[in-house]
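Reader: I have a structure open beside its sequence, and I would like to learn how to read its features one at a time. Could you take me through it slowly?

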Amino acid sequence: MKKLIITLFIGLLSQQLIAQVDQSLLKDDRSDSLENAMNMDALSNRVYATSSSPVSIGGYLEADYKYIGEDGLTDGHSFRIPRVTLFITSSISSRIKFMSEFEFEEGGEEIAIEFAAMDVNFHPLLNLRGGVVVNPIGAFNQNHDGPKWEFVDRPIAMTQMLPATWSNVGFGLYGKMYQKDWAFGYEAYLTNGFDNSIVTNTKNRTFLPASKDNKERFEESSNGEPLFTGKIAVRNQNIGELGLSYMCGIYNTHEDDGLILDKPRRLDVFAVDFNTELPLSDTYIVGEWAWVFVDVPNTFTQQYGEKQSGGFLDIVQPVIDKPMFGFDDAVFNVALRLESVDWNVGTFNETGGNIGDEIWAVVPGISFRPTYQTVFRLNYRYQEQTDILGNPPAKTSGIEIGFATYF
Amino acid sequence: MTTRKIQSACAVLLLVAAIYSCDSLIPEAPAESDLLDGPTEGLSTSEQSRFLKGDIAFNDEVFTPESGLGPVFVANSCGSCHAGDGKGHPFTTLTRFGQTQPNTAPDISIGGPQLQNRAIPGFEPETMPSGVPSMDFTPPAVTGLGFLEALTDQQILDNADPNDDDSDGISGVPNYINPPSYFIPKPSHQPVGGQYIGRFGKKAAAVDLLHQTVGAYNQDMGVTSTFNPIDPHTGLSTDPEVSDQTIRDVVFYLHTLKAPIQRDADDSEVIRGKEVFMSINCSSCHVPSFTTPQSDIDALSNKTIFPYSDLLLHDMGSGLDDGATEGSAETFEWRTPPLWGLGLAPESQGGEFFLMHDGRAKSIQEAIELHGGEAQQSRDDFVALSDADKQALLKFLRSL
């Protein structure tokens, strides 16, 4: 770890010296065409309302209506603004850029800095990013903007197993290279990480998003151990994109004030993501699957599992692509999401029987995009969720109607 | 009409249709008789509000180290042990130890009365001292308990026959226990020598639902309260980690959970099965019904209930003698467990049966065949039944 940190600093220092010598030699070739864009570009290829000035401001809004019931009981009609997000970007120089994303969730009840980073471009293959960075685990975590998706809800596995949107203070490197139809990208960051709450929380399951409640992670690490997140991705213009990502580190506060409180306990997360567009039908397919491994004390309760897995698959089929309702670039889609999470992969010590705590859902829907930046969505959700004992599942279904738009 | 207007009208119609079809999109509710949870019929609106608060505390509140869990514990929420308010799974089996003779205090110097076999990170759980007899308890269902608490001591004593005066081989004795300091007797209680009849728990060692609830918070979850401020880990008093109000809410919830509803009561095989049940004298201990007296909760008053229990202790034979006990019970004596809700046990035990006090029986038939002592004759009569009568009896039991 020390070697990695030293290498990063040396790399940074040497490139800064070069930049101070002759900035005119630096050429801004960061921006990609949409054809070359990869998941990792989601944060920098956003839509901005104002982009002609040095400071660009944009954002997006999501709002929805739900009527959902479980086993014959419903809370009735519900309207929400799950999030309003503000982007502010500033070009400090041709190769230094500041980007940020501020999210106002649940009507402003929670305001979060999701992303606030400075990017320094040294070479297409060597960019430094520091600040509050979005950890590149999976694809959804970085590519989470509501208007990009045809479904009202975010994927369960990515938000209730993986902690999307998961961002932390830290820094790292990223880069891309191209070869004919191929693009290759990498990202590697060291950031603050998780804490004890992932296995001692009121969700009663190993729950990585619990650490998001700890706002102190923007001030200091819970244990002095950096979290590593790395990703490599490859894209072929004719085939699609495949990403492999990994996140690991010590999550618990194992030492405090020189006193040993517990042994250091690891967290390891693997994710694979892909997306493609079938050439003949223009069918867009995107999916992601992740595996979580957590060192849970074996003297603790098995409510908190050591292994988790889950993911989603979205299939989006444009069916009408012509002017509609007065919008010249309107598209009408049908879509289907399949998703599943097993929050506790394993067997009971007492019986050897399978541990439950699983969910799966099928979400068919339709969407209408009057423009690329705006989407209206109507989904039907059906899901079944079993408790830890594997008792008969709670059945949930209903409709979700909403819109999301960049501004 | 322009194309744009037609498109707009279609879109609006689609939305209206979707919203108006909402109710048909919601999954159907299971039949009330297929569920153990839910309030007793007839609660007032204020009682339903109290029930809801207790429901949330019982089923949704998960304790963490920050909110008082442990440091040593067995489970971290009420709902962990009593999923859907039904019988529990061996995953949260309790182990009791430290008392091997009736009417003696449990030996707390060796860690009794209960093993806390789990610990929060960084702490070590309790381990069983070697050579000490112990009893494992799978969590019981918690439905209908308010009706059982409403019964008077005299109603329980009416079925007691300590000397087997009727010579049917069935005795039945109450477990007289020393109540906790916070216990407030009711006029219907009949103490003997300062001891009161216990009616809850596998050995009937809890005098009422407050006693049972406080004990569960303390011994199962390591959560202290003003009722019992002693931390099971240190044995020292500490600040309360759950409020009096929360405990009162949970007790009210347990008071007012509905009694299980029998299914297929009119089925001819179920009716035949009940006749067999009575004929082989299962009903001597598993007393089918009681009528509650006037209660401070109207919905529990003057109701005929069908718990299939006499709430008394019976000698169950050497096969079920674990060598440990509670209160005035002998080590081989167990309280007759209510059979209501028996058929729904797999719905809360992960699809399987885990019956008897420690879950050792994987089917109702196996549970019957494990009966001994006072129940030996009924057990033998069951084994001797024709297959048709056996199946009828089992179907009746599954209907409860």
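**Reading two chains, feature by feature**

Author: Let us start with a single residue: D357(A) is buried, since its relative accessible area is 5%, and the cut-off for buried is under 20%. Please keep in mind throughout that this is a predicted model.

Reader: Where in chain A does D357(A) lie, and what is the sign of its phi?

Author: The general idea is that most residues other than glycine have a negative phi, and most peptide bonds are trans. D357(A) sits in the loop that runs between β16 (331-342) and β17 (358-371) of chain A, and its phi is positive, about 60 degrees, although D357(A) is not a glycine.

Reader: Which value does phi take in D264(B), and is D264(B) buried or exposed?

Author: In D264(B), which is likewise not a glycine, phi is positive and near 55 degrees. D264(B) belongs to the loop between α8 and α9 of chain B, and D264(B) counts as exposed because its relative accessible area is 53%, where the cut-off for exposed is over 50%.

Reader: You also mentioned peptide bonds; which residues does a cis peptide bond join in chain B?

Author: One cis peptide bond joins G70(B) and P71(B), with omega about 15 degrees, and P71(B) is placed in the loop between α3 (45-59) and β1 (72-73) of chain B. Another cis bond runs from G112(B) to P113(B), with omega near 5 degrees, and here P113(B) is in the loop between β2 (94-97) and β3 (114-115) of chain B.

Reader: Stepping back to whole chains, how many helices and strands does each chain have?

Author: Chain A has 2 helices and 19 strands, whereas chain B has 13 helices and 11 strands. For chain B we can also ask about overall compactness: its radius of gyration is 24 Å, close to the 21 Å that the globule rule gives for 400 residues, so chain B is as compact as a globular protein of that length. Its C-alpha atoms fill a box of roughly 95 × 55 × 40 Å along the principal axes.

Reader: What share of each chain is buried, and how much surface does each chain expose?

Author: In chain A, 53% of the 407 residues are buried, and the accessible surface is about 17,800 Å², with 60% of it belonging to carbon and sulfur atoms. In chain B, 54% of the 400 residues count as buried, and the chain exposes about 17,000 Å², of which carbon and sulfur atoms supply 53%. Charge can be added to this picture, for chain B carries 24 positive and 55 negative side chains, and the centres of these two sets are 7 Å apart.

Reader: How should I read a helix, and what is a good case for practice?

Author: An α-helix has 3.6 residues a turn, so residues three or four places apart point the same way. Take helix α13 (residues 387-399) of chain B: at 1.5 Å a residue its 13 residues should span 18 Å, and the end C-alpha atoms are 18 Å apart, which agrees. Its buried residues include A392(B), L393(B), F396(B) and L397(B), and among the elements that cover the buried residues of α13(B) are α9 (268-279), α11 (364-369) and α12 (376-383) of chain B.

Reader: Which residues does D249(B) touch, and is D249(B) buried or exposed?

Author: D249(B) is part of helix α8 (residues 244-256) of chain B, and at 8% relative accessibility D249(B) counts as buried. Not counting residues up to four places away in sequence, D249(B) touches R50(B), K53(B) and G54(B).

Reader: Could we finish with a residue in a loop: what is in contact with G305(A)?

Author: G305(A) lies in the loop between β14 (284-294) and β15 (307-321) of chain A, and at 1% relative accessibility G305(A) counts as buried. Leaving aside neighbours within four places in sequence, G305(A) is in contact with T206(A), V294(A), V296(A), W343(A) and N344(A).

Terms used: Residues are numbered from 1 along each chain as its sequence is written. Chains are lettered from A and ligands numbered from 1 in the order in which they are written. This is a predicted model: local features need pLDDT of at least 70, side-chain atom pairs count only at pLDDT 80 or more; totals for chains, interfaces and linings use all residues. Side-chain values use heavy atoms; hydrogens and water are left out. Helices (H or I, at least four residues) and strands (E, at least two) are DSSP runs, numbered from the N terminus. The expected span of a helix is 1.5 Å times one less than its number of residues. Buried means under 20% relative accessible area, exposed over 50%, partly exposed in between (1.4 Å probe, protein chains only). Contact means heavy atoms within 4.5 Å. The radius of gyration is taken over C-alpha atoms; the globule rule is 2.2 Å times the number of residues to the power 0.38. Accessible areas come from the Shrake-Rupley method with a 1.4 Å probe; for residues, only the protein chains shown count as cover. Lys and Arg count as positive and Asp and Glu as negative; His and the chain ends are not counted. The place of a charge is taken as NZ of Lys, CZ of Arg, CG of Asp or CD of Glu.
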